[in-house]
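Q: Please take a close look at one part of this structure, the place where two helices pack together. After that, please go through the salt bridges in the same plain way.

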Amino acid sequence: MKLPPLRYLAPQSLDEAIALLQEHGADAKLLSGGQSLMPMLAFRLASCSILVDLKLVPGLDGIAVSAHGVELGARVRWRDIERDTRLPIAHPLLSTAVKHIAHYAIRNRGTVGGSLAHGDPASELPALAVACDATIDVVGPAGRRSLPARDFFLSPLTTALEPNEIIVSLRLPPWPKTRSFGFQEFARRRGDFAMAGAIVFFDRDEEGHIRSPHVGAFGVADTPVRLTEAESFLLGNSVSLRMFEEAAALGVRGIEVRSDIHADTDYRKALLETLIKRALIDAAEPPGP
Ligand SMILES: Cc1cc2nc3c(=O)[nH]c(=O)nc-3n(C[C@H](O)[C@H](O)[C@H](O)COP(=O)(O)OP(=O)(O)OC[C@H]3O[C@@H](n4cnc5c(N)ncnc54)[C@H](O)[C@@H]3O)c2cc1C
């Protein structure tokens, strides 16, 4: 289908963008990479008559790496993350996850802010943000606020963003050099949205016991989720295949897994359990050089 008639506005500051959103209300939508918004408008799954493009708003396209972690501006594209030579060391999980997002052409335009605001439960970045206890910074008419990613995704395509608020950045906590991780997803074709995905990482103490285990899943529930039962089970245990199998089974048991045209609940549960187990096995390997 064709796009509806649209008026295009390109504000030059965040204040101007917020003022435009306030002025036009539901008639206006923010445009970032357009990779979700334009298809949604074309298929009439979203509607608006005004596009407020963020491309001229300064300060949204930086990637900052520091002792505080990694900060990604809202307009940072998947390609920018892939190309950044600091990130494979500063945040290897992010560098790995981004390679699974969509296809080259989409990675060239799709953005951090657009993905977070769109809130697709099968998307990699929201899941990574939840798994990593990241923080999402937003600005709006009432000023700036920071939201834990864990509280940000409310249901499919619905987030805690207030009307007229704009995401400005995503902050990921520091990634210790000794931390190991596993990232696994299953999609029918490479680049498609995942039918299910698992993100696992943990640290180890001197005796080799697991510390700070994080287990996340995506594509299986209404939002990205943390598998807290699996995390509690892993904490303090040592690494073994039997323990991983038990953790994966516990993790899947603790969440409501959805059914859709791609996979029913039982299939998705079995898939997720396998993916968690594989991610745990990957995470058992010490981090590379
Ligand atoms: C064929 C196809 C396959 C894809 N596969 C995957 C995949 O495997 N994994 C994956 O994660 N994604 C996938 N995507 C989506 C893609 O990654 C997009 O990058 C992502 O959806 C965000 O789009 P965008 O940045 O272009 O934002 P837009 O499409 O411009 O915007 C998306 C929504 O966010 C709002 N918005 C944008 N920026 C902001 C902001 N700063 N603050 C507040 N609201 C904002 C917009 O108003 C809109 O509602 C796929 C897309 C396509 C078309």
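A: What follows describes one helix pair and then several charged pairs. The model is a predicted one.

Two packed helices are described by the angle between their axes and the distance between the axes. Here the pair is H10, residues 241-253, and H11, residues 265-284. Their axes come within 9 Å and cross at roughly 140 degrees. Angles over 145 degrees would count as roughly antiparallel and 65 to 115 as roughly perpendicular, so H10 is oblique to H11. The crossing of H10 with H11 is right-handed.

On the H10 side, the residues that meet H11 are Leu241, Phe244, Glu245, Ala247, Ala248, Ala249 and Val252. Facing them in H11 are Lys269, Leu272, Glu273, Ile276, Lys277, Leu280, Ile281 and Ala284. By type, the residues of this contact divide into 11 nonpolar and 4 charged, with no polar ones.

The next topic is charge pairing. Side chains of opposite charge can pair when their charged atoms come close. The structure holds 15 salt bridges, and one of them joins the side chains of Arg107 and Glu82, at 2.9 Å from N to O. This pair links distant parts of the chain, 25 residues apart: Arg107 lies in helix H6, residues 104-107, and Glu82 in helix H3, residues 78-83. Arg107 has a relative accessible area of 12%, so it is buried. Glu82 has a relative accessible area of 28% and is therefore partly exposed. Both residues also belong to a network of salt bridges that links Arg79, Glu82 and Arg107.

Another salt bridge joins the side chains of Arg226 and Glu231, at 2.6 Å from N to O. The limit for buried is under 20% relative accessible area. Arg226, at 11% relative accessibility, therefore counts as buried. Glu231, at 10%, counts as buried too.

A further salt bridge is formed by the side chains of Arg268 and Asp260, with 3.1 Å from N to O. Arg268 has 2% relative accessibility and so counts as buried. Its partner Asp260, at 26%, counts as partly exposed.

To return to the helix pair, H10 and H11 cross at roughly 140 degrees, and the crossing is right-handed.

How values were computed:
Residues are numbered from 1 along each chain as its sequence is written. This is a predicted model: local features need pLDDT of at least 70, side-chain atom pairs count only at pLDDT 80 or more; totals for chains, interfaces and linings use all residues. Side-chain values use heavy atoms; hydrogens and water are left out. Axes are lines fitted to C-alpha atoms, for helices over the stretch in contact, and angles run from 0 to 180 degrees between N-to-C directions. Helices (H or I, at least four residues) and strands (E, at least two) are DSSP runs, numbered from the N terminus. Angles under 35 degrees count as roughly parallel, over 145 as roughly antiparallel, 65 to 115 as roughly perpendicular and the rest as oblique. A crossing is left-handed if the near helix is turned anticlockwise from the far one by less than a right angle, and right-handed if clockwise. Contact means heavy atoms within 4.5 Å. Ala, Val, Leu, Ile, Met, Phe, Trp, Tyr, Cys and Pro count as nonpolar, Asp, Glu, Lys and Arg as charged, and the others, Gly among them, as polar. A salt bridge is a side-chain nitrogen of Lys or Arg within 4 Å of a carboxyl oxygen of Asp or Glu. Buried means under 20% relative accessible area, exposed over 50%, partly exposed in between (1.4 Å probe, protein chains only).
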